[in-house]
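The following paragraphs guide a new reader through the structure shown below. Please keep the sequence and the model at hand while reading.

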Amino acid sequence: MKHILMVCYGGGHMKVLAPLYAELSLRYRVTVLALTSAGSYMREQGIPSLGFRDFAFTRSSDIQAYGQQLAVDVPENGVVPREETVAYLGSSFFDLVNQLKDEGEAYELYRKKGRAAFLPVASLRKIIDELHVDAVITTNAPRAERAALIVAKELCLPSVCVNDNLWIRGGVSDVADFGLADRICVLNDFVKGELLSKTCVDVDVVKVTGSPVFDPLKLARWIPNDLGVPRVLLADCELPEKHPYLDLRNAVQGIECAIRDELNRLASEGVVDVYFRPHPSQEYDYSAYPFCKLSDPKESLIDRLSRTDVVVTAISTVGVEGKAMGLGLVSIEKTVFSTLESYEKIGMSTGVVHPEQLRGAIFKEFEKDRELDFLYKGRALKNVISVVERVVL
């Protein structure tokens with residue numbers, strides 16, 4: 001029985017790969033390397049997974065020393081066990097030191113870029129060797145996911161990359177340009193066209209499959225609005241002044257707080273009914289927004305979207321999920337992310353640059369007729385499984 005390694009980070013990445021497990025494990029041996037917050041999610045889904053701490057090499061004195069040092073600045077939130085944080089940071093930094101051949105230079109790069117400085121190829125090579133892997137599946141995340149694809153290519157192992165959204169820059173575009181995956185699964189023809197026009201990828205590599213994240217939306221039932229005011233979901237995330245991976249600094253400072261403030265004000269006046277939903281890896285404190293309610297990340301997103309009319313977000317995949325259910329979409333523009341990719345630029349949303357534009361944008365989207373657009377034909381899970389089976393012969 002062939003052995004497949006699936007590697008994923010938290011957030012939207014883990015939700016893309018998790019649905020594949022049950023189907024693939026019927027015909028392959030499947031190991032999930034669940035990074036950062038993906039570990040707790042996999043446990044909640046009943047999917048067995050491993051972390052960096054499960055491999056003996058991460059318990060070396062050098063790796064543990066680096067990990068303990070870097071973990072000092074990481075809050076203990078209960079989602080990621082401390083031992084995993086230490087093993088992940090220590091291994092990744094140890095690899096960075098060896099890549100640069102200079103510890104001081106490694107510390108300086110980490111100071112500037114944080115975890116974006118990591119590409120733990122050596123660690124993933126040890127993991128893949130120890131597991132005797134026959135094939136690798138990842139999403140488009142950098143760092144350890146990218147490292148797994150690099151190792152797979154070095155070892156001539158079949159590999160599949162499943163893109164998690166409409167965007168390609170800084171993620172799947174690099175996978176395509178460097179030929180790191182035998183097949184790249186994308187959401188729709190728009191994404192395929194972007195890859196073919198902006199990278200040197202071969203047309204046969206890119207397959208339009210849809211994303212397994214969106215399959216359950218086909219069965220979801222939207223609950224009509226009986227409030228008389230728009231039901232708004234803020235799909236929140238941290239909006240840094242500098243892009244985490246690219247040298248971009250075009251963000252409007254403090255825009256995320258200003259957006260929350262304005263939504264809270266509108267809610268206080270009864271103009272809208274607002275829920276805040278933080279990103280799974282986001283540290284949040286919404287006590288300053290008493291008129292907005294919390295959609296905990298553990299709450300079913302489909303249930304929340306079924307009671308939503310308009311999604312507000314900068315770049316979250318929740319925006320696409322809302323569109324797939326026929327909801328309105330308001331996008332926060334002029335962030336470091338929208339410098340490259342923007343829901344407004346591709347005609348999916350009403351964009352806002354300043355908080356005072358929110359009310360008008362929300363009502364514009366609220367008053368539109370619901371348009372059901374599932375973004376692709378067929379069932380994504382079946383489509384992705386079919387691609388994997390053709391690659392893992």
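A residue is called buried when its relative accessible area is under 20%, exposed when that area is over 50%, and partly exposed in between. The model under discussion is a predicted one. Tyr289 has a relative accessibility of 7%, so this residue counts as buried. Its place in the chain is the loop between β8 (273-277) and β9 (293-294). Between the C-alpha atoms of Tyr289 and Cys8 there is a separation of 33 Å, and the two residues are 281 positions apart along the chain.

A second residue to locate is Val203. Val203 belongs to the loop between α9 (189-198) and β6 (206-208). Its relative accessibility is 44%, and Val203 is therefore partly exposed. The C-alpha atoms of Val203 and Ile315 are separated by 27 Å, with the two positions 112 residues apart along the chain counted as their distance in sequence.

The aromatic residues come next. A pair of aromatic rings is described by the distance of the centres and the angle of the planes. The count of aromatic pairs in this model is 14. One of them joins Tyr66 and Tyr107 in an edge-to-face arrangement, with 6.5 Å from centre to centre and 70° between the planes. Because Tyr66 belongs to helix α3 (residues 61-71) and Tyr107 to helix α5, this pair ties together parts that lie 41 residues apart in sequence. The two partners can also be described by their accessibility: Tyr66 is buried, at 12%, whereas Tyr107 is partly exposed, at 26%.

Another pair is formed by Trp167 and Tyr343. Their ring centres are 4.8 Å apart and their planes meet at 45°, so the pair is tilted. Trp167 is found in the loop between β4 (159-162) and α8 (172-177), and Tyr343 in the loop between β11 (328-332) and β12 (350-352); the pair therefore ties together parts that are 176 residues apart in sequence. Trp167 has a relative accessible area of 10% and is buried. Tyr343 is buried as well, with a relative accessibility of 0%. Returning to Tyr66 and Tyr107, one finds that they belong to one aromatic cluster together with Phe93, Tyr110 and Phe118.

Charged side chains provide the next topic. The structure contains 16 salt bridges. In one of them, Glu154 is paired with Arg125, and the closest N and O atoms are 2.9 Å apart. Glu154 is part of helix α7 and Arg125 of helix α6 (residues 121-131), so this salt bridge ties together parts that are 29 residues apart in sequence. Glu154 is partly exposed, at 45% relative accessibility, and Arg125 is partly exposed too, at 30%.

Arg265 takes part in a salt bridge with Glu262, at 2.7 Å from N to O. Why are Arg265 and Glu262 separated by about one helical turn? The reason is that they are three residues apart in helix α10 (residues 255-268). Arg265 also meets Glu269 in a salt bridge, at 2.8 Å from N to O. Of these side chains, Arg265 is partly exposed, with a relative accessible area of 37%, while Glu262 is buried, at 11%. Glu269 is partly exposed, at 45% relative accessibility. Elsewhere, Glu23, Arg27 and Glu389 are joined into one network by salt bridges that share partners.

Charge also gathers on the surface. Asp62, Asp102, Glu103 and Glu105 make up a patch of negative charge there. Within this patch, Glu105 is located in helix α5 (residues 103-113). Its relative accessible area of 42% makes Glu105 partly exposed.

Finally, the backbone deserves attention at two positions. Thr36 is not a glycine, yet its phi is positive, at about 50°. Thr36 sits in the loop between β2 (29-34) and α2 (38-44). Cys156, likewise a residue other than glycine, has a positive phi near 60°. Cys156 is placed in the loop between α7 (144-154) and β4. With a relative accessibility of 71%, Cys156 counts as exposed.

Terms used: Residues numbered from 1 in each chain as written. Predicted model: local features only at pLDDT ≥ 70, side-chain atom pairs only at ≥ 80, totals over all residues. Heavy atoms only, no water. Patch = residues over 30% accessible without salt bridge, like charges linked within 9 Å, V, L, I, M, F, W, Y side chains within 5 Å. Areas by Shrake-Rupley, 256 points an atom, 1.4 Å probe, with all protein chains shown as cover. Salt bridge = Lys/Arg side-chain N within 4 Å of Asp/Glu carboxyl O. Lys, Arg positive; Asp, Glu negative; His and termini not counted. Charge placed at Lys NZ, Arg CZ, Asp CG, Glu CD. Helix = DSSP H or I, 4+ residues; strand = E, 2+ residues; numbered from the N terminus. Buried < 20%, exposed > 50% of the residue type's maximum accessible area, 1.4 Å probe, protein only. Phe/Tyr/Trp six-rings, centres within 6.5 Å; stacked < 30°, edge-to-face > 60°.
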